[in-house]
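Student: Could you take me for a close look at one residue and the parts around it? I would like to start small and work outwards.

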Amino acid sequence: MYAGRLAAAVATACCVIAVVLFIGIAGYHWLAGLNWTDSLLEASMILGGMGPVNPIKTDGAKVFASLYALFSGLVFIGIMGIVLTPVVHRVMHKFHVE
């Protein structure tokens with residue numbers, strides 16, 4: 001039962017990551033004018049917390065990059081909550097915490 005909940009949480013987290021990564025790839029491709037591969041690299045590095053790779057030239061792309069970076073930080077916190085919820089729930093049951 002626990003393994004199923006954990007697997008469902010990880011699957012949900014992976015789906016959220018895929019959607020957020022697609023948003024970043026599309027934004028960098030259309031707003032910053034990067035090709036698809038560079039857009040994937042840029043979005044992955046921001047989402048992973050590593051930072052930008054390519055220089056951003058237009059003001060619209062800079063605004064998108066800053067909003068995407070802030071959004072990615074919040075998504076990271078949310079994903080950790082999704083994945084850790086079954087673990088914390090199991091620990092609370094183990095120690096009979098209401």
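**Starting from one tryptophan**

Tutor: Trp 36 is partly exposed, with a relative accessible area of 44%. The limits explain the label: buried means under 20%, exposed means over 50%, and partly exposed lies in between. Keep in mind that this is a predicted model.

Now place the residue. Trp 36 is found in helix 2, which runs over residues 36-47. What does Trp 36 touch, leaving aside its neighbours within four places in sequence? The contacts are Ile 25, His 29 and Trp 30. Take Ile 25 from that list. Along the chain, Ile 25 and Trp 36 are 11 residues apart, and their C-alpha atoms are separated by 7.1 Å.

Stay in helix 2 and look at Ser 39. Is Ser 39 buried or exposed? Ser 39 counts as buried, because its relative accessibility is 0% and the cut-off for buried is under 20%. Not counting residues up to four places away in sequence, Ser 39 touches Ile 25, Tyr 28, His 29 and Leu 34. Ile 25 and His 29 thus appear in the contacts of Trp 36 and in those of Ser 39. Ser 39 can also be placed against Val 53: the two are 14 residues apart along the chain, with 9.9 Å between their C-alpha atoms.

Next, helix 1. It covers residues 2-32. Its 31 residues, at 1.5 Å a residue, should span 45 Å. The end C-alpha atoms are 44 Å apart, which agrees. Ile 25 and Tyr 28 are among the buried residues of helix 1, and Ala 9, Ala 13, Val 20, Leu 21, Gly 24, Ala 26 and Gly 27 are buried there too. What do these buried residues pack against? They pack against helix 2 and helix 3. Gly 33 follows helix 1, and its phi is positive, near 75 degrees.

Leave helix 2 at its other side. Gly 49 sits in the loop between helix 2 and helix 3. Gly 49 is exposed, with a relative accessible area of 60%. Its C-alpha lies 8.9 Å from that of Phe 76, although the two are 27 residues apart in sequence.

That brings us to helix 3, residues 59-94. It has 36 residues, and at 1.5 Å a residue they should span 52 Å. The end C-alpha atoms are 53 Å apart, in agreement. The helix bends, though. The bend is about 40 degrees at Leu 84, and Pro 86 follows within four residues.

Which residues of helix 3 are buried? They are Ala 61, Phe 64, Ala 65, Tyr 68, Ser 72, Val 75, Ile 79 and Pro 86. Their cover includes helix 1 and helix 2. Ile 82, also in helix 3, is partly exposed at 28% relative accessible area. Apart from neighbours within four places in sequence, Ile 82 is in contact with Ala 9, Thr 12 and Ala 13. Two of these, Ala 9 and Ala 13, are on the buried list of helix 1. Met 50 is another matter: Ile 82 and Met 50 are 22 Å apart, C-alpha to C-alpha, and 32 residues apart in sequence.

Finally, turn to the surface. Leu 74 lies in helix 3 and is exposed, with a relative accessible area of 60%. Leu 74 belongs to a nonpolar surface patch with Phe 76, Ile 77, Met 80, Leu 84, Val 88, Val 91, Met 92, Phe 95 and Val 97. Together they have about 970 Å² of accessible area. Leu 84, where helix 3 bends, is thus a member of this patch. Just after helix 3, His 96 takes a positive phi of about 55 degrees.

Methods: Residues are numbered from 1 along each chain as its sequence is written. This is a predicted model: local features need pLDDT of at least 70, side-chain atom pairs count only at pLDDT 80 or more; totals for chains, interfaces and linings use all residues. Side-chain values use heavy atoms; hydrogens and water are left out. Helices (H or I, at least four residues) and strands (E, at least two) are DSSP runs, numbered from the N terminus. The expected span of a helix is 1.5 Å times one less than its number of residues. The bend at a residue is the angle between axes fitted to the seven residues ending there and the seven starting there. Buried means under 20% relative accessible area, exposed over 50%, partly exposed in between (1.4 Å probe, protein chains only). Contact means heavy atoms within 4.5 Å. Patches are made of residues with over 30% relative accessible area and no salt bridge: like charges are joined within 9 Å, nonpolar side chains (Val, Leu, Ile, Met, Phe, Trp, Tyr) within 5 Å. Accessible areas come from the Shrake-Rupley method with a 1.4 Å probe; for residues, only the protein chains shown count as cover. A salt bridge is a side-chain nitrogen of Lys or Arg within 4 Å of a carboxyl oxygen of Asp or Glu.
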